[in-house]
Structure formats: structure tokens, C-alpha cells
Amino acid sequence: MRLVVATSEPLGAYHLTPLPVALYSADHHFIHLVPYTEPLQGSHGFEVTSDLEEALSADLLVITGGDLSAWTKSLALLANSQEVPVFYSQLALGTVSSRHSDVLFSGATFMSELGMERSPAFLKNCVNTVTGNPQLDKGSRSVPAHKSVLLLSTSDSLDRDPEQHLLKLGRVLLDAGWTVTVRPHPRERADTWLEFKTDPNSSFVTQAVSHAVVVGYPGSLLPLSGALKRPTLSLAPTEEFREILDTEWLKSVSAQVSSSSEAMDALLGGLAPPSELDCSHCCGPIGSSASRVVTAWIECASNYAQSKYDSDPDLRRMLRNAAVLPSTIRSPI
């Protein structure tokens with residue numbers, strides 16, 4: 001089968017980074033559809049195209065990310081018009097907004113029970129699966145160094161936090177003798193963190209478990225460090241940041257502060273990891289998540305093809321005359 005995947009951020013390959021092993025082992029053809037040919041943000045290692053015909057001839061169009069963007073919604077509506085099934089996979093914080101009820105989905109996966117609960121009613125009319133977050137699949141054991149911190153930055157950090165509280169915190173921690181590592185966002189300017197050790201390539205799990213504490217701007221990765229039993233601090237210096245993690249999501253971090261000085265006080269005072277039960281509700285099951293995501297895609301495509309075959313006598317006649325049965329169809333001719 002041919003499965004075409006589109007990300008909410010049109011060039012956001014980083015959403016798909018944890019999936020290639022599961023994709024390749026599934027023995028199907030996967031393509032990342034982007035609107036134009038430019039360097040991707042992040043990498044994943046499978047085919048990339050900007051040819052819209054790929055979406056129109058696919059066995060399944062998968063829309064990923066948090067909410068739909070103008071790019072993914074336009075693709076979904078185009079696929080709907082051509083009777084190509086559309087699947088939603090939550091691979092980032094947030095879920096589909098109720099304003100997108102004009103899109104017809106054939107299936108959906110959510111990273112957690114909380115993600116599924118937050119989805120609109122129309123998205124719950126199709127088959128839903130809770131998968132966990134593929135970012136947490138690569139287990140890693142490590143004894144964190146004392147006074148070591150992983151800083152999680154965000155896209156457009158210079159614009160979204162003009163006072164640069166996370167950068168200020170990093171400088172204060174360095175001066176205090178801490179080991180500081182920064183995980184920059186794939187869409188962030190490369191020169192933002194020149195004075196720090198940065199690690200944009202290691203898996204998030206490896207980074208988080210090798211540090212004593214994690215501090216970051218609110219975003220998709222931050223709650224995951226709590227699921228890895230790491231003390232986690234959310235730094236939300238603006239109203240925009242404070243709206244990203246609401247009361248339920250904040251249960252997956254140890255605390256939230258609004259400035260670099262408050263963050264330093266919290267670190268010196270000691271942080272406990274959030275509860276395992278709260279993290280499970282927010283982040284979903286840990287392990288084999290990528291496999292669950294890809295399996296849900298393939299099952300949706302197979303079921304759609306089967307139902308189309310069962311309901312279309314002309315298709316059955318054509319296949320019978322050709323003596324060819326597509327691999328997506330399980331019924332005998």
C-alpha cells in the first residue's frame with residue numbers, strides 16, 4: 001500500500017523522526033508530502049515529494065501534528081473530494097479543533113487518554129486508538145550527573161520571549177557550576193545558543209534521562225520528561241506560553257514559573273517528579289508507540305479498501321477480469 005503523510009508544519013520532518021523503523025518493518029510505501037522543495041526541518045530518512053498527485057492516488061492520507069494547519073486541512077479536503085481516506089495522528093501537543101468539522105476522517109490515533117478526551121465529537125465518530133508518544137519508544141538508562149540540566153527551547157524563541165528567560169537561566173546555571181545542555185527547536189535560529197553545548201540530534205529520551213532536571217518552554221516535549229521520571233520545570237514568561245499547558249497538562253510537570261529568577265529558585269529548592277498516574281494520563285503508554293501508530297494507519301487503509309471492494313460490483317468485476325487482486329483486498333475473487 002501507498003501511505004502519504006503530511007505534517008501540520010509543512011516541512012516538519014521532526015514529527016516523523018521516531019517512525020522510520022516501524023514504517024520500514026511494515027513493508028509498505030510511505031511518502032512525506034511537502035508543499036515545496038526546501039530543506040526539511042529535522043529528518044526521518046524516507047521518501048519526500050511535493051507532487052500533489054501522490055496524495056490523490058494514495059491508499060491513505062495521514063495528517064499529523066497537533067491541530068490542522070492551512071496546509072493539512074487543504075490536503076484533507078482535497079483527499080475527501082477524491083474519496084481518498086484521511087487519517088489523523090496526534091504527534092504533537094494539541095488536537096483537531098472543532099472548527100474543522102467539515103473534514104471527514106476515517107480513523108485517528110492519540111498519544112494519550114487526555115489527547116483523545118480533548119478531541120472534538122466529530123473526530124470520535126471514527127475508530128480511535130491511544131498509542132503513546134513515539135518519542136518515548138527508545139528506552140535508555142543513565143545515571144544523571146549531579147547539577148546537570150537539559151534546556152528545551154522553542155520555535156522563534158527570540159520573538160516569543162523577548163527577555164530571553166531561558167537563555168538567562170542557562171547563563172546563571174553555568175556560573176553556578178551546573179552542566180547545561182540545550183536541545184534547540186528544529187525551526188529555531190541556529191545562532192541562538194552559540195555559548196552553550198547543544199544537542200539537536202540525540203533522541204529526547206537519551207537527553208532527558210542523562211540530566212538531573214529538565215527545564216523548558218511549554219511545548220510537546222516538556223511533559224514527556226515527567227513521564228521519564230525526571231523533575232521538570234515549565235518556564236512560561238508570557239501569556240502565550242502560559243496558555244500552552246492548561247491545568248490538566250501541568251500535572252505532567254513538577255512546577256511552572258514565569259521568569260529565570262523564579263526558575264533558579266525552584267531548582268535550588270528541589271523539584272520532585274510528577275506522579276506516574278498523571279503522566280500516564282497526559283503522555284500515554286510508554287514503549288512500542290510508533291508500531292501502534294503505523295499499525296493503525298495500515299489497518300485503516302486496508303479496511304477502507306475492503307469496504308470499497310465489498311460495495312462496488314464494478315470494481316470486483318474489473319479485478320476479476322484482470323485476474324489481479326490488490327494486496328489491500330483480502331476477499332477472494
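This passage describes the nonpolar cores, the salt bridges and a parallel sheet of a predicted model.

In this predicted model, local features require pLDDT of at least 70 and side-chain atom pairs count only at pLDDT 80 or more, whereas totals for chains, interfaces and linings use all residues. Residues are numbered from 1 along each chain as its sequence is written, and side-chain values use heavy atoms, with hydrogens and water left out.

The largest nonpolar core (a set of buried Ala, Val, Leu, Ile, Met, Phe, Trp, Tyr and Cys residues joined through side-chain atoms within 4.5 Å) comprises 24 residues, of which Leu61, Ile63, Leu68, Val86, Tyr88, Phe105 and Leu123 touch the most other members. Here, buried denotes under 20% relative accessible area, exposed over 50%, and partly exposed in between, with a 1.4 Å probe and protein chains only. Two or more residues are given to this core by each of β1 (2-7), β2 (29-33), β4 (60-65), α3 (70-81), β5 (86-90) and β6 (107-110); α3 gives the most, with four residues. These elements are DSSP runs numbered from the N terminus, helices being H or I with at least four residues and strands E with at least two.

Contacts (heavy atoms within 4.5 Å) were examined for two members of the core. With residues up to four places away in sequence not counted, Leu68 touches Ser8, Ile63, Lys73, Tyr88, Val96, His100, Val103 and Phe105. Leu123 is placed in the loop between α4 (113-117) and β7 (127-130) and is buried, at 0% relative accessibility. Beyond its neighbours within four places in sequence, Leu123 is in contact with Tyr88, Thr95, Val96, Phe105, Ala108, Phe110 and Asn128.

The structure holds 10 salt bridges, each defined by a side-chain nitrogen of Lys or Arg within 4 Å of a carboxyl oxygen of Asp or Glu. In one of them, Glu54 pairs with Arg2, and the closest N and O atoms are 2.1 Å apart. This pair links distant parts of the chain, with Glu54 in helix α2 (residues 53-56) and Arg2 in strand β1, 52 residues apart. Glu54 is buried, with a relative accessible area of 16%, while Arg2 is partly exposed at 22%. A salt bridge also joins the side chains of Asp67 and Arg99 (3.4 Å, N to O). Asp67 lies in the loop between β4 and α3 and Arg99 in the loop between β5 and β6, so this pair ties together parts that are 32 residues apart in sequence. Asp67 is partly exposed, with a relative accessible area of 23%, and Arg99 is exposed, with 56%. The side chains of Glu239 and Arg242 form a salt bridge at 3.7 Å, N to O; being three residues apart in helix α9 (residues 239-242), they are separated by about one helical turn.

Six strands form an open sheet with parallel pairing, in the order β10-β9-β8-β11-β12-β13; pairing requires that DSSP find at least two bridges between two strands. The edge strands, β10 (197-198) and β13 (255-257), each pair on one side only. Strand β12 (residues 232-235) pairs with β13 over three bridges in the parallel sense, and Leu235 has Val257 in β13 as its bridge partner.

Helix α6 (residues 165-175) packs on the sheet, touching β8 (145-152), β9 (179-183), β11 (211-216) and β12, and its direction makes about 165 degrees with that of β8. Helix α11 (residues 260-269) lies across β11, β12 and β13 and runs at about 170 degrees to β12. For these angles, axes are lines fitted to C-alpha atoms, for helices over the stretch in contact, and values run from 0 to 180 degrees between N-to-C directions.
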